Amino acid sequence: MRLTRQVWVGGACVAIVAGGVAAAPDGGDDADGGATAAGSSGEGNQEGGGTSQASPSPSGADAASGVSGTFDGPVVTNIRGDYQVRLTFDNGVLTAVDYPVAGTDAAESRRINQQALPELTEEFLEEQTWDVEYVSGASYTSPAMVESAEAAFEDAGL
């Protein structure tokens with residue numbers, strides 16, 4: 001009886017959240033960068049790395065459209081570890097995405113990131129924005145990386 005009630009309540013919560021997401025306006029500037037979503041899967045470390053701050057290398061072009069250089073987002077910490085994005089721009093176009101810090105060394109974390117980080121990379125490069133869809137099953141990695149990417153885009157002036 002107790003398990004059935006928990007499953008029912010959990011399902012109702014998912015339906016309510018999904019309805020809220022579907023009804024939300026499709027805007028670009030969330031106050032929190034959309035980084036409050038959380039799940040229960042383990043997250044982990046794809047690569048080891050430091051916690052360096054933004055290191056712009058502007059080319060002298062207009063920052064809003066022609067910026068070139070590498071920009072590190074901040075390290076974002078949640079209960080599954082630390083996460084950071086490094087973005088490289090060439091004349092205002094995002095050309096590379098790296099993850100110097102990505103969770104922990106736990107096997108489940110590495111497994112999740114092995115699937116999630118390439119998908120996030122593809123989304124960032126395809127959309128040319130930090131405002132991308134979260135990867136299913138990466139409930140801690142996705143919002144943390146998106147939050148870090150948002151700050152890197154802001155540092156780049158994009």
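**Group meeting talk: a helix, a hairpin and a shared core**

Let me open with contacts: among those in the protein chain with a separation of 6 or more, 60% are between residues 24 or more positions apart. Keep in mind, everyone, that this is a predicted model.

Now the layout. The protein chain has three helices and four strands, and along the sequence they come in the pattern α-β-β-β-β-α-α. Of its 158 residues, 35% count as buried. The accessible surface of the protein chain comes to about 8700 Å², and carbon and sulfur atoms own 53% of that.

Let's go to the hairpin. Strand β3, residues 81-90, runs antiparallel to β4, and eight bridges join the two. If you want a landmark, find Thr88, which stands opposite Ala96 in β4. Two residues sit between the strands of this hairpin, and Asn91 in the turn has a positive phi of about 55°.

Next, helix α2, and here is a little check you may enjoy. How far apart should the ends of α2 be, at 1.5 Å a residue? The helix covers residues 107-127, so its 21 residues should span 30 Å, and the end C-alpha atoms are indeed 30 Å apart. That agreement comes alongside a kink of about 30° in α2, centred on Asn113. Just after the helix comes Gln128, with a positive phi near 55°.

Which residues of α2 are buried? They are Ser109, Ile112, Asn113, Ala116, Leu117, Leu120, Thr121 and Phe124. Asn113, then, is both buried and the centre of the kink. As for the spacing, an α-helix has 3.6 residues a turn, so residues three or four places apart point the same way. The buried residues of α2 pack against β4, residues 93-103, and α3, residues 141-155.

That takes us to the core. In soluble globular proteins, nonpolar side chains tend to be buried together. Here the largest nonpolar core holds 28 residues, and those touching the most other members are Leu87, Phe89, Tyr99, Leu120, Phe124 and Met145. The elements giving two or more residues to this core are β3, β4, α2 and α3. The top contributor is α3, with six residues.

I'd like to finish on Phe124, if you'll zoom in with me. Setting aside neighbours within four places in sequence, which residues does Phe124 contact? Its partners are Leu94, Val97, Tyr99, Thr129, Trp130, Val132, Met145, Val146 and Ala149. Two of these partners, Tyr99 and Met145, are also on the list of core residues that touch the most other members. Thanks, all!

Methods:
Residues are numbered from 1 along each chain as its sequence is written. This is a predicted model: local features need pLDDT of at least 70, side-chain atom pairs count only at pLDDT 80 or more; totals for chains, interfaces and linings use all residues. Side-chain values use heavy atoms; hydrogens and water are left out. The expected span of a helix is 1.5 Å times one less than its number of residues. The bend at a residue is the angle between axes fitted to the seven residues ending there and the seven starting there. Buried means under 20% relative accessible area, exposed over 50%, partly exposed in between (1.4 Å probe, protein chains only). Contact means heavy atoms within 4.5 Å. Two strands pair if DSSP finds at least two bridges between them. Accessible areas come from the Shrake-Rupley method with a 1.4 Å probe; for residues, only the protein chains shown count as cover. A nonpolar core is a set of buried Ala, Val, Leu, Ile, Met, Phe, Trp, Tyr and Cys residues joined through side-chain atoms within 4.5 Å.
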